[in-house]
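Reader: I have a new model open in my viewer, and I would like a friendly tour of its fold before I set up any calculations. Could you take me through it?

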Amino acid sequence: MATDSPRRPSRCTGGVVVRPQAVTEQSYMESVVTFLQDVVPQAYSGTPLTEEKEKIVWVRFENADLNDTSRNLEFHEIHSTGNEPPLLIMIGYSDGMQVWSIPISGEAQELFSVRHGPIRAARILPAPQFGTQKCDNFAEKRPLLGVCKSTGSSGTSPPYCCVDLYSLRTGEMVKSIQFKTPIYDLHCNKRILVVVLQEKIAAFDSCTFTKKFFVTSCYPCPGPNMNPIALGSRWLAYAENKLIRCHQSRGGACGDNIQSYTATVISAAKTLKTGLTMVGKVVTQLTGTLPSGVTEDDIALHSNSRRSPLVPGIITVIDTETVGEGQVRTSNASNVKIIPVGVSGWLS
């Protein structure tokens with residue numbers, strides 16, 4: 001592909017083809033000529049030149065049905081025919097995004113282009129896996145592209161609060177899912193579309209895009225990933241804000257909140273220290289002086305730690321095939337496994 005990224009209008013159905021170009025370096029004389037053409041007129045006029053190239057904000061390779069060897073018979077005989085599946089690359093700009101298909105020949109073809117503001121997350125959804133009792137409501141529109149951009153389709157929703165689904169076949173928007181809080185990431189497999197919110201997760205059926213289940217017990221991560229999760233073909237893992245002992249798995253790290261023998265002794269020592277601190281606080285209120293070795297920061301720290309119910313370093317794994325509809329309650333769910341990793345923010 002060419003290194004230049006010229007500004008292009010929105011084009012949902014694509015169609016632009018960029019031929020491969022050899023990488024060339026400017027000679028010394030060409031560099032001087034370029035400097036004279038760009039800098040000298042700007043110095044005399046006092047106005048900067050308009051930049052035609054776009055700033056790339058993010059870029060990612062994507063795996064989808066378009067380059068899936070199991071869905072394309074011509075890719076099965078890669079070694080014998082030399083035919084390889086094309087690369088799908090998604091490029092995010094400050095005012096939109098593009099989806100390109102790059103075959104082995106290097107001739108890139110634009111599949112999708114939109115220019116309606118910055119895009120936080122985008123995913124090409126795979127074809128859904130469903131049984132005889134289900135039907136794909138969007139079969140004629142696939143493949144679909146899920147996009148979370150700064151301005152939603154309705155134009156009235158807050159920034160990054162909706163997911164718009166576009167058809168890469170027709171270019172039209174086929175579905176819009178609205179939320180009240182900002183969206184931070186999108187994940188998908190053949191069964192569900194997962195929308196990641198702050199401290200929440202919402203999963204939608206891949207055939208109908210109706211809400212399947214949601215989680216409201218995610219641990220508040222300080223960043224850079226506000227709510228780190230991992231989605232496989234069946235399992236969903238996320239950072240839990242508390243430990244449910246009946247679902248605790250074997251192994252993993254054993255911290256202060258896991259009642260092993262060592263942790264029990266440590267917890268008892270901390271409880272004793274907290275009690276002595278509270279006694280010292282009462283003495284302080286009566287006499288107006290602090291006990292030796294105890295500071296006001298220590299008292300505030302112990303007071304805040306006792307009020308906070310959140311426990312860092314816990315990962316919950318959910319079976320998305322068997323989980324029930326509605327809110328997932330890890331305290332009474334049978335298809336949940338909790339892993340104490342002992343490190344806060346391990347998934348991030």
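Author: Gladly; the questions below go from the whole chain to its strands, its cores and a few single residues. Please keep in mind that this is a predicted model.

Reader: Let me start with the overall make-up. How many helices and how many strands are in the protein chain?

Author: The chain has 348 residues, and 38% of them count as buried. Among contacts between residues at least 6 apart in sequence, 54% join residues at least 24 apart. As for secondary structure, the count is four helices and 18 strands.

Reader: What share of the exposed area do carbon and sulfur atoms supply?

Author: The protein chain exposes about 20,300 Å². Of that area, the share supplied by carbon and sulfur atoms is 55%.

Reader: Now to strand 3. How many bridges does strand 3 form with strand 4?

Author: Strand 3 covers residues 87-93, and six of its seven residues are buried. Strand 2 (residues 56-62) runs antiparallel to strand 3 and is joined to it by six bridges. With strand 4 (residues 96-102), strand 3 makes a hairpin that has two residues between the strands. The pairing of strand 3 with strand 4 is antiparallel too, and its number of bridges is seven.

Reader: Which residue of strand 4 is the bridge partner of leucine 88?

Author: Two partnerships help you find your way here. Valine 59 has isoleucine 91 of strand 3 as its bridge partner. For leucine 88, the partner lies in strand 4 and is serine 101.

Reader: Which strands are the edge strands of the open sheet with the order 6-7-8-9?

Author: This sheet has four strands with antiparallel pairing, and its neighbouring strands are turned by 20° against each other on average, direction ignored. Strand 6 and strand 7 are linked by six bridges, with alanine 121 partnered by cysteine 148 of strand 7. An edge strand pairs on one side only, and that applies to strand 6 and strand 9 (173-178).

Reader: Which strand gives the largest share of the largest nonpolar core?

Author: That core has 18 residues, and those with the most contacts inside it include Val163, Phe179, Leu186 and Val195. Elements giving it two or more residues include strand 8 (162-167), strand 10 (183-188) and strand 11 (192-197). It draws at least three residues from each of domain 1 (54-180) and domain 2 (183-250 + 309-347). The largest share, three residues, comes from strand 11.

Reader: Is valine 195 buried or exposed?

Author: Valine 195 is found in strand 11. Leaving out residues up to four places away in sequence, it touches Val163, Phe179, Ile183 and Leu186, among others. Buried means under 20% relative accessible area. Valine 195 has 0% relative accessibility, so it counts as buried.

Reader: How far apart in space are valine 195 and cysteine 148, C-alpha to C-alpha?

Author: Leucine 186 is a useful landmark, as its contacts include both Cys148 and Val195. Along the sequence, valine 195 and cysteine 148 are 47 residues apart. Their C-alpha to C-alpha distance is 9.7 Å.

Reader: One last stop, in a loop. What separates the C-alpha atoms of threonine 330 and glutamate 240?

Author: Threonine 330 sits in the loop between strand 17 (326-327) and strand 18 (336-340). Its relative accessibility is 4%, so threonine 330 counts as buried. Glutamate 240 is 90 residues from threonine 330 along the chain, and the separation of their C-alpha atoms is 9.4 Å.

Terms used. Residues are numbered from 1 along each chain as its sequence is written. This is a predicted model: local features need pLDDT of at least 70, side-chain atom pairs count only at pLDDT 80 or more; totals for chains, interfaces and linings use all residues. Side-chain values use heavy atoms; hydrogens and water are left out. A nonpolar core is a set of buried Ala, Val, Leu, Ile, Met, Phe, Trp, Tyr and Cys residues joined through side-chain atoms within 4.5 Å. Buried means under 20% relative accessible area, exposed over 50%, partly exposed in between (1.4 Å probe, protein chains only). Domain bounds come from an automatic or database domain assignment. Contact means heavy atoms within 4.5 Å. Accessible areas come from the Shrake-Rupley method with a 1.4 Å probe; for residues, only the protein chains shown count as cover. Two strands pair if DSSP finds at least two bridges between them. Axes are lines fitted to C-alpha atoms, for helices over the stretch in contact, and angles run from 0 to 180 degrees between N-to-C directions.
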